[in-house]
Structure formats: structure tokens, C-alpha cells
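Got the viewer open? Let's take a walk through this one together, one selection at a time.

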Amino acid sequence: MLEIKIFQCNMLAENCYVVSDDSGEAVIIDCGALYADERQAIGKYIADQQLTPVRLLCTHGHLDHCFGLAFVHARYGLSPQISTADDFLLSDLSGQASTMFGMDFAEPTPPPGPSLEADVPICFGHHTLHVLPTPGHSPGSVLFYCKEERVVFTGDTLFRMGIGRTDLQRGSWADMKHSLANVVAKLPADTLAYCGHGPATRLGDEQRLNPYLR
């Protein structure tokens with residue numbers, strides 16, 4: 001059984017997830033921890049639970065989901081894994097900080113780990129996450145789907161009764177519509193979706209009530 005701990009991070013209330021099982025291995029998804037107290041809370045949880053982080057995963061490359069990459073790399077030696085289609089975002093976090101937030105962000109970006117590929121599963125502990133490409137919010141947006149647990153991490157592709165915006169750099173409304181219709185809408189209705197912002201939601205509810213999926 002998966003243990004999923006949520007940390008709400010930075011000024012945009014981004015959701016960072018530490019996902020583990022009884023093996024003690026864990027993956028960190030979308031570490032947007034910007035402030036010292038956020039980083040301390042994540043580190044304390046991992047230490048208290050005696051977890052060993054083995055993967056640092058990014059649903060996409062926007063800065064609010066990547067503020068904490070240098071922190072994770074320094075503490076656990078993990079390099080971020082991201083779709084190659086979002087490499088242009090990962091390589092310019094300081095530029096994103098200036099353009100999107102009007103702030104300076106000088107922390108070095110860790111060297112990227114192996115790129116995320118749709119046909120390469122992510123294994124940790126006793127569980128497997130499948131990478132499902134969902135371009136639209138960004139060209140390299142992906143979902144992480146755990147079939148046996150009926151859980152999916154949606155990043156900014158899907159929110160409770162909403163979706164991510166498509167007007168940011170290289171976003172695409174046409175791609176988003178295709179991703180929603182051909183990926184999100186086809187996952188089992190009992191799947192619990194953990195979103196990049198806001199609360200978790202059942203896909204069956206989204207498929208019935210979310211206007212972008214109906």
C-alpha cells in the first residue's frame with residue numbers, strides 16, 4: 001500500500017508529494033519547496049519515517065514545481081527526471097523566476113537524470129508508476145499512474161473540477177483537449193487523482209462533472 005504525504009509549497013500552494021511503501025523506498029514528486037520551513041518539513045518527514053528517497057520526479061518543468069530541486073539534490077543526491085519536451089523549462093529556472101514571478105532565483109539547477117519515457121516504468125519499493133504523456137499545460141507534461149493502487153499524480157494537467165492553463169510558454173489548448181480526452185478520461189473511474197494544486201479528486205467525479213472532461 002502506498003503512503004502519500006502532501007506538502008503544500010511556495011506562494012502558489014503547489015503540492016509536493018513524498019510517496020513510499022513498506023519497503024522504505026520513496027519517490028519525491030514535484031518538489032516546489034522554496035522556503036526553509038517547507039524544506040525542513042520534508043526532510044523531517046523523510047527522516048522520521050526512515051525513508052530512502054530513490055527518485056526525484058517532475059510532472060513538468062514550471063518553476064513552482066521545481067523550486068526545491070537543488071535542495072533534494074543536495075540532501076539526497078537525486079537528479080530530477082523530466083520529459084525531454086520540458087528540458088527548455090528546466091534549463092532556465094532563473095529565467096522563469098524573473099519572467100513569471102518578478103523575482104531572483106539563483107539556486108543552481110541539478111543535472112537532469114534519465115528522461116521520462118512513456119514505455120519506461122518507474123519502479124520503487126514494491127510499486128510501479130507508469131508515465132503517461134499529457135502535453136497541453138506544457139509540451140512535456142506527464143501523469144504518474146500507479147495501476148495497482150488506482151492512484152494518479154496529475155501535475156497541472158487536471159485539478160478538481162478544473163484543468164491547468166494553456167497560455168504559458170509552449171502550452172497548447174489543442175494538445176490539452178487531446179490529453180484530457182485520450183488519457184485522463186480513459187483512466188478507471190475509481191482512480192484517485194492527486195493534483196498539482198488543490199485537493200485530490202476521484203476521476204469518476206471529474207469525468208461526470210468537470211466541464212473540460214464531459
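## Stop one: a strand in the middle of things

Select V152 first: its bridge partner is A193, over in strand 12. That pairing belongs to a longer contact, since strand 9 and strand 12 run parallel to each other and are joined by 4 bridges. Before going further, keep in mind that you're looking at a predicted model. The mean pLDDT for the chain is 97, and 100% of the residues reach at least 70. If you colour by confidence, look for the top value in strand 2 (residues 14-20), with a mean of 99, and the bottom one in helix 4 (residues 93-101), with a mean of 93.

Now select the whole of strand 9, residues 151-155. How many of its residues are buried? The count is 5 of 5, so the strand is largely enclosed by the rest of the structure. Turn it around and you'll find both faces covered: V151, F153 and G155 are buried on one side, V152 and T154 on the other. In a regular strand, side chains alternate between the two faces of the sheet.

Next, add strand 8 (142-146). Strand 8 runs antiparallel to strand 9, with 3 bridges between them. Click on F144 and you'll see F153 of strand 9 standing opposite. The two strands make a hairpin with 4 residues in between, and R150 in that turn has a positive phi of about 55°.

## Stop two: salt bridges

Stay with R150, and show the side chain of D190 as well. These two meet in a salt bridge, 3.0 Å from N to O. The pair links distant parts of the chain, 40 residues apart: R150 sits in the loop between strands 8 and 9, while D190 sits in the loop between helix 5 (173-182) and strand 12 (192-195). R150 is partly exposed at 32% relative accessibility, and D190 is also partly exposed, at 43%.

The whole structure has 5 salt bridges. For another one, select R208 and D205, which come together at 2.8 Å, N to O. They are 3 residues apart in helix 6 (residues 203-209), so about one helical turn separates them. Here R208 is exposed, with 52% relative accessibility, and D205 is partly exposed, with 31%.

Then jump to R39 and E107, whose side chains form a salt bridge at 3.1 Å, N to O. R39 belongs to helix 1 and E107 to the loop between helix 4 and strand 6 (122-124), so this contact ties together parts 68 residues apart in sequence. Is R39 buried or exposed? At 14% relative accessibility, R39 is buried, whereas E107 is partly exposed at 29%.

## Stop three: the two sides of a helix

R39 has brought you to helix 1, so select residues 36-48. The 13 residues of this helix should span 18 Å, and the end C-alpha atoms are indeed 18 Å apart. Colour E38, R39, I42, G43, Y45 and I46, which are the buried ones. They take up an arc of only 160° around the axis, so they lie on the same side of the helix.

What do those buried residues pack against? Show strand 1 (3-9), strand 2, strand 3 (25-29), strand 4 (52-57) and helix 2 (69-76) to see their partners. Now flip to the face turned away from the buried side, where D37, Q40, K44 and A47 are exposed. Finish at Q50, which follows helix 1 and has a positive phi, near 55°.

Notes: Residues numbered from 1 in each chain as written. Predicted model: local features only at pLDDT ≥ 70, side-chain atom pairs only at ≥ 80, totals over all residues. Heavy atoms only, no water. pLDDT = per-residue confidence, 0-100. Salt bridge = Lys/Arg side-chain N within 4 Å of Asp/Glu carboxyl O. Buried < 20%, exposed > 50% of the residue type's maximum accessible area, 1.4 Å probe, protein only. Pairing = 2+ DSSP bridges. Expected span 1.5 Å × (residues − 1). Arc of directions from axis to C-beta. Contact = heavy atoms within 4.5 Å.
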